[in-house]
Amino acid sequence: MSLQAISPIDGRYHSKVNALADYFSEAALIKYRILIEVEYFIALSESGIPQLQPCTADVAAQMRDLYNNFTLEDAQQIKEIEKTTNHDVKAVEYFLKKQFEELGLQAHKEFIHFGLTSQDINNTAIPLSIKEAVQTVYLPAIESLINQLSQLAIEWKDIPLLARTHGQPASPTRLGKELQVFVVRLQEQLKVLQSIPHAAKFGGATGNFNAHHVAYSDVDWKEFGRQFVEDRLGLKHSFPTTQIEHYDYMASLFDAMKRINTILIDLDRDIWTYISMDYFKQKIKAGEIGSSAMPHKVNPIDFENSEGNLGIANAIFEHLAAKLPISRLQRDLTDSTVLRNVGVPLAHTIIAFKATGKGLGKLLLNASKIQQDLDDNWAVVAEAIQTILRREAYPNPYEALKELTRTNEKITAQSMATFIDQLDVAENIKSEMRSISPSSFTGV
């Protein structure tokens, strides 16, 4: 951990999110740019233009080694070139031309970056890095959290729980069911997220393959671009475009991630509240301190940590989704600096996933407190009693229960039994109502 890191994701929390460096660091962006340039050259060699012959398997393998075996030293070389060019993509091009000379391909080095603008590289490299980060880091993390929640929902499926609507005691529910609500919400939004394509722009300076077409008008460059982006890179080819990808799908992805985070904020706050109500205790780890002043405290810090990081992530996702689809005319540069921050909200999201998971793993069910709250709130079975009376066409059942429950006297099992006894209904109906308790009135 660097004590001089400005961002906590590169300092305090680095160990929790270092896997994302393979996709969103400066070195990673350079590596993905090299991947695009190399794969483009190989595809160009197979396009039928007369000056190039298809790369042999050996040559293609040597070229792919440039990104498969990419090192920090390679990245540093490119950054040194950039000090002169003051252009990051051009620095990659010059680096590759030098590598081509070492591979004996100097005769073909001018076909590196042929007909392209820097956004053809950026708008394929970045979507590809996002796609692979989602598949490799994000999805395993959220799926692990959903599975953890699902297991707790199963474990606690039969635990009756006093529900609270508007903060007040309400018809009882079951603890497992309440967790299953979050499981299903997350699963549904995850389906939406996984249905969103990772789209890429590839079409030259203003999206029309102008330079490609003027050089080789007999090649179907639109189809070439589609095959390159979709068949070779596994992305969706956006066409037509301006100089840049329109980012609509990327905005959809960030919105989907934001919705998932919002659901988890809701979960974090609910679990925090249950802990404050003493429904859960928390496992104590030897040596840990909950408060610098109050030694008895075991604070719900994991859920608080998660909520805070999810809030930061959502604020940035919100900006990314709102800003990226907007660009003046055929392009401005505002997307470039914004895209360099794509890894930041993902990092805060992963930190939050891990914090929530850690917090869930520390929960200890306090069944006696849960049962006590049920036993102390017999008024909640009033809904059950009045509904049965409605079924039996009893006159004014709601009003009768309202009169009972709106007094200042505490409703108990005994007072409810006394109320039932004085009702003018058949004994079997009274017996049915007597069998109802806060612990049994939990629905389907």
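How exposed or buried is Lys 90? Lys 90 is partly exposed, with a relative accessible area of 32%. The views below come from a predicted model.

**View 1. A salt bridge joins Lys 90 and Glu 93 within helix α6.** The side chains meet at 2.9 Å, N to O. Both residues belong to helix α6, which spans residues 88-102. They are 3 residues apart, so about one helical turn separates them. Their accessibility is split. Lys 90 is partly exposed at 32%, whereas Glu 93 is buried at 5%. Across the whole structure, a search finds 33 salt bridges.

**View 2. Asn 86 has a positive phi in the loop between α5 and α6.** Helix α5 covers residues 72-85. Phi of Asn 86 is near 55°, and this residue is not a glycine. Asn 86 is exposed, with a relative accessible area of 69%.

**View 3. Asp 278 combines a positive phi with a salt bridge.** Its phi is about 70°, although Asp 278 is not a glycine. The residue sits in the loop between α11 and β5, the latter being residues 280-282. The side chain of Asp 278 meets that of Lys 281 in a salt bridge of 2.9 Å, N to O. Asp 278 is partly exposed at 27% relative accessibility. Lys 281 also counts as partly exposed, at 42%.

**View 4. Arg 331 forms a salt bridge with the buried residue Asp 335.** The N to O distance is 2.6 Å. Asp 335 has a relative accessible area of 1%. It is therefore classed as buried, a label given under 20%.

**View 5. A network of salt bridges links six residues, named here.** Its acidic members are Glu 26, Glu 82 and Asp 88. Its basic members are Arg 33, Lys 79 and Arg 340.

**View 6. Phe 209 and Phe 239 form a stacked aromatic pair.** A search of the whole structure finds 16 aromatic pairs. In this one, the ring centres are 6.2 Å apart, with 25° between the planes. The pair counts as stacked because its planes are under 30 degrees apart. It links distant parts of the chain, 30 residues apart. Phe 209 lies in the loop between β3 (199-201) and α9 (210-215). Phe 239 lies in the loop between β4 (236-238) and α11 (248-276). Phe 209 is buried, at 3% relative accessible area. Phe 239 is partly exposed, at 34%.

**View 7. A cis peptide bond runs from Phe 239 to Pro 240.** Omega is near 0°. Pro 240 lies in the loop between β4 and α11. Phe 239, in that loop too, is the residue that stacks on Phe 209.

**View 8. Ring pairs link five aromatic residues into a cluster.** The members are Tyr 40, Phe 202, Trp 221, Phe 224 and Phe 228.

**View 9. A positive patch lies on the surface.** Arg 12, Lys 16, Lys 285, Lys 354 and Lys 358 form it. Lys 354 lies in helix α14, residues 343-361. Lys 358 has its place in helix α14 as well. Lys 354 is partly exposed at 43% relative accessible area. Lys 358 counts as partly exposed at 47%. From Lys 358 to Gln 180, the C-alpha to C-alpha distance is 18 Å. In sequence these two residues are 178 residues apart.

Notes
Residues are numbered from 1 along each chain as its sequence is written. This is a predicted model: local features need pLDDT of at least 70, side-chain atom pairs count only at pLDDT 80 or more; totals for chains, interfaces and linings use all residues. Side-chain values use heavy atoms; hydrogens and water are left out. Rings of Phe, Tyr and Trp (its six-membered ring) pair if their centres lie within 6.5 Å; planes under 30 degrees apart count as stacked, over 60 as edge-to-face and the rest as tilted. Helices (H or I, at least four residues) and strands (E, at least two) are DSSP runs, numbered from the N terminus. Buried means under 20% relative accessible area, exposed over 50%, partly exposed in between (1.4 Å probe, protein chains only). Patches are made of residues with over 30% relative accessible area and no salt bridge: like charges are joined within 9 Å, nonpolar side chains (Val, Leu, Ile, Met, Phe, Trp, Tyr) within 5 Å. Accessible areas come from the Shrake-Rupley method with a 1.4 Å probe; for residues, only the protein chains shown count as cover. A salt bridge is a side-chain nitrogen of Lys or Arg within 4 Å of a carboxyl oxygen of Asp or Glu. Lys and Arg count as positive and Asp and Glu as negative; His and the chain ends are not counted. The place of a charge is taken as NZ of Lys, CZ of Arg, CG of Asp or CD of Glu.
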